[in-house]
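Subject: A structure for you to look at

Hello,

Here is the structure I promised to pass on. Have a look at it first, and then read my notes underneath.

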Amino acid sequence: MAGAGGGNDIQWCFSQVKGAVDDDVAEADIISTVEFNHSGELLATGDKGGRVVIFQQEQENKTQSHSRGEYNVYSTFQSHEPEFDYLKSLEIEEKINKIRWLPQKNAAQFLLSTNDKTIKLWKISERDKRPEGYNLKEEDGRYRDPTTVTTLRVPVFRPMDLMVEASPRRIFANAHTYHINSISINSDYETYLSADDLRINLWHLEITDRSFNIVDIKPANMEELTEVITAAEFHPNSCNTFVYSSSKGTIRLCDMRAAALCDRHSKLFEEPEDPSNRSFFSEIISSISDVKFSHSGRYMMTRDYLSVKIWDLNMENRPVETYQVHEYLRSKLCSLYENDCIFDKFECCWNGSDSIVMTGSYNNFFRMFDRNTKRDITLEASRENNKPRTVLKPRKVCASGKRKKDEISVDSLDFNKKILHTAWHPKQNIIAVATTNNLYIFQDKMN
Amino acid sequence: MLRGRRRMECTLDAQSLISISLRKIHSSRTQRGGIKLHKNLLVSYVLRNARQLYLSERYAELYRRQQHYPDGAPLLAMPACPPPAAAAPPELAVLPLPADTQDREARSCAVVRGGAELLEGPVCAAPPELQRAPCRDSSPGFYRAAGSAGPGGGGGGGSSAAPGLLYAAGCDFGTGGVPHCSSRTTVLDLDTHVVTTVENGYLHQDCCSQCPCCCQPVAGGPPFAPCTKRARFEEYSAEHPQDSSNISNLISIFGSGFTGLVSRQQADSEQPLNGQLCGKQALASLGAWTRAIVAF
């Protein structure tokens with residue numbers, strides 16, 4: 001993992017970067033979610049402007065054996081628009097909070113995208129043929145005068161330039177009072193859950209006018225509110241099991257067979273706080289920003305502000321592995337609170353074999369932790385390294401003391417450049433890393 | 001937590017943290033997309049932590065000062081209240097505001113204790129009538145100011161329920177009632193922009209007469225205004241000029257944690273929102289039994 005080569009270490013190379021070059025970032029272009037589909041052929045991003053952009057991987061070229069297919073724009077569409085709730089005098093942001101792909105069942109692709117209040121099921125289909133030779137219409141669509149029709153013919157399909165169309169097939173609305181933070185598709189591929197700050201609802205993909213509330217942590221008296229739901233996910237294999245994380249750093253695993261309302265957890269995962277680390281901001285940094293099951297379903301990973309934790313589902317009292325993402329920030333929490341960075345919600349992801357986990361940090365750094373070798377690496381997403389097949393140089397942050405050459409001191413980190421969203425191809429060593437408004441794609445070096 | 005020689009420094013840090021936190025809560029009102037429940041909850045934790053530190057430092061300082069005034073009825077000699085509740089966890093429920101129940105006094109003491117570990121209980125030493133009376137007068141005002149009373153509101157019976165306190169109506173948060181009988185509470189209603197400040201001026205004056213030492217630092221400031229002030233956000237300075245010395249924008253944060261803390265007095269346009277300035281004024285007037293937080 002150190003990038004030095006040899007053995008099974010992955011050497012990461014720049015592959016592509018998508019997005020505007022200039023430093024002036026339009027707010028609508030800020031990427032808010034990144035997700036590969038189940039085969040890895042498609043890569044979807046959502047942004048603050050409510051748009052979804054889908055990239056498709058080129059078919060691997062036999063002649064180009066030294067690199068995997070590039071990702072090119074496949075489809076772009078406006079998923080959500082800003083709305084105004086007149087009753088509550090609230091503007092509803094169009095920002096896409098999450099995208100989740102459905103497994104492919106036919107020629108079309110389906111994904112769920114959500115903003116704060118509404119989830120939409122989109123069908124993305126290709127059209128590469130069109131019927132030609134109508135009797136009553138000209139090719140441009142104008143109607144012909146029926147009296148001029150002297151013969152009849154059967155219209156035939158002729159090839160056309162590929163057109164990718166996205167159409168909303170279902171709109172799941174009005175089920176959430178608070179802001180939706182997660183959606184997760186069940187392994188039965190028929191239902192999915194959506195979670196907001198206080199409630200989790202279960203939907204059927206075919207039914208939009210009804211959803212079942214399966215978790216409700218809203219206290220009778222809002223004054224007693226002490227925690228909110230921050231993320232939720234279905235188990236990859238057990239269709240009755242899901243987990244949700246809280247702002248207090250706990251994860252609850254629930255079994256839908258136990259009761260209709262899963263307020264009582266089956267398991268509670270919590271690590272006692274280290275009292276020597278107590279500070280004004282202990283509650284904030286222990287809030288979990290993301291939870292992800294491993295592909296195997298045996299483990300789950302949580303991300304809080306400073307660390308990544310791997311939990312074994314069979315052990316509730318502590319994580320089996322803890323990785324420090326940027327421990328050097330612990331002494332800077334006060335400034336990070338002032339500039340709001342302490343509220344950043346970093347995501348995390350597993351590689352296809354569950355051996356490596358990845359998460360983002362500041363200064364456009366992202367971190368990978370190899371669970372087997374226990375080695376970690378820090379890499380940077382930057383246009384400076386943008387020659388294809390350039391191996392990325394590992395980065396190092398100097399926490400204190402003498403700064404070595406090539407190290408960066410904590411105070412020079414750019415906290416406006418944050419990597420919150422990352423995704424790992426389900427089968428290959430290809431990763432997608434989102435900086436504020438750019439999407440970087442890195443691949444491992446193939447020899 | 002910081003200790004030892006850094007005590008004063010740490011108090012100031014707590015103060016600026018409180019100030020920053022309140023600004024965050026306030027600015028979250030105008031953010032696109034409505035108030036983020038999660039972020040505000042986290043900010044409330046910082047506020048609570050900072051408040052605990054600040055108050056404990058403050059009372060330690062007062063205690064040290066009282067060592068110099070053995071004649072003034074020291075706080076410590078006052079009869080203690082019923083045993084205090086444990087340091088208020090955020091789960092401590094907000095007291096309902098029944099204007100007439102006997103045990104309100106005891107409960108208010110408990111909440112007070114929760115907020116300030118070093119408090120010895122002068123609050124409770126005040127005659128119960130005085131303690132209740134202002135509140136009885138003020139509670140209807142409080143509820144009126146807080147907008148349409150929810151179930152159980154208006155008059156204080158039963159559970160508190162003044163909806164829309166600070167939070168935009170977008171979220172169905174409901175509830176508001178904050179116990180305020182023994183300190184100053186200022187609530188900004190988000191829907192109507194009405195600010196209500198309820199003060200227990202009688203209590204303070206009464207205690208002052210018994211223990212002048214506590215009021216020592218009040219550098220000739222005017223006494224607390226009578227209770228039940230109501231003020232529009234913008235008109236505050238015009239209507240109540242004598243409150244300028246009390247402006248300090250006291251915030252009451254209660255052991256109840258969440259909604260209770262998102263009260264905020266309006267900014268006086270004539271007075272700069274300067275943490276330092278208001279801080280000094282508030283420190284000057286802060287009695288040992290005031291649970292309010294100095295901010296802005």
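Before the sheet makes sense, one definition helps: two strands pair if DSSP finds at least two bridges between them. Please also keep in mind that this is a predicted model.

Let's start with the sheet in chain A. Four strands form an open sheet in the order β1-β32-β31-β30, and their pairing is antiparallel. Which strands stand at the edges? They are β1 (12-18) and β30 (421-424) of chain A; each has a single partner strand, so one side of each is left without a neighbour in the sheet. From one strand to the next, the twist averages 20 degrees.

You can follow one of these pairings by eye. β30(A) is joined by four bridges to β31 of chain A (residues 430-434), and the two run antiparallel. Here A:W424 stands opposite A:I431 in β31(A).

Now for the nonpolar cores. In soluble globular proteins, nonpolar side chains tend to be buried together. In this model the largest nonpolar core has 39 residues, and A:F281, A:Y305, A:L329, A:Y337 and A:I342 have the most contacts inside it. Two or more residues each come from α1 (282-286) and α2 (333-338) of chain A, and from α1 (7-28) and α2 (37-66) of chain B. Which element gives the most to this core? That is α2(B), with ten residues.

Try clicking on A:Y305: leaving aside residues up to four places away in sequence, A:Y305 touches A:H326, A:L329, A:F346 and A:Y362, among others. Apart from the largest core lies another core of 18 residues, including A:M358, A:M368, A:I419 and A:V433.

Enjoy exploring!

Technical notes. Residues numbered from 1 in each chain as written. Chains lettered and ligands numbered in written order. Predicted model: local features only at pLDDT ≥ 70, side-chain atom pairs only at ≥ 80, totals over all residues. Heavy atoms only, no water. Axes fitted to C-alpha atoms, helices over the stretch in contact; angles between N-to-C directions. Core = buried A, V, L, I, M, F, W, Y, C linked by side-chain atoms within 4.5 Å. Buried < 20%, exposed > 50% of the residue type's maximum accessible area, 1.4 Å probe, protein only. Contact = heavy atoms within 4.5 Å.
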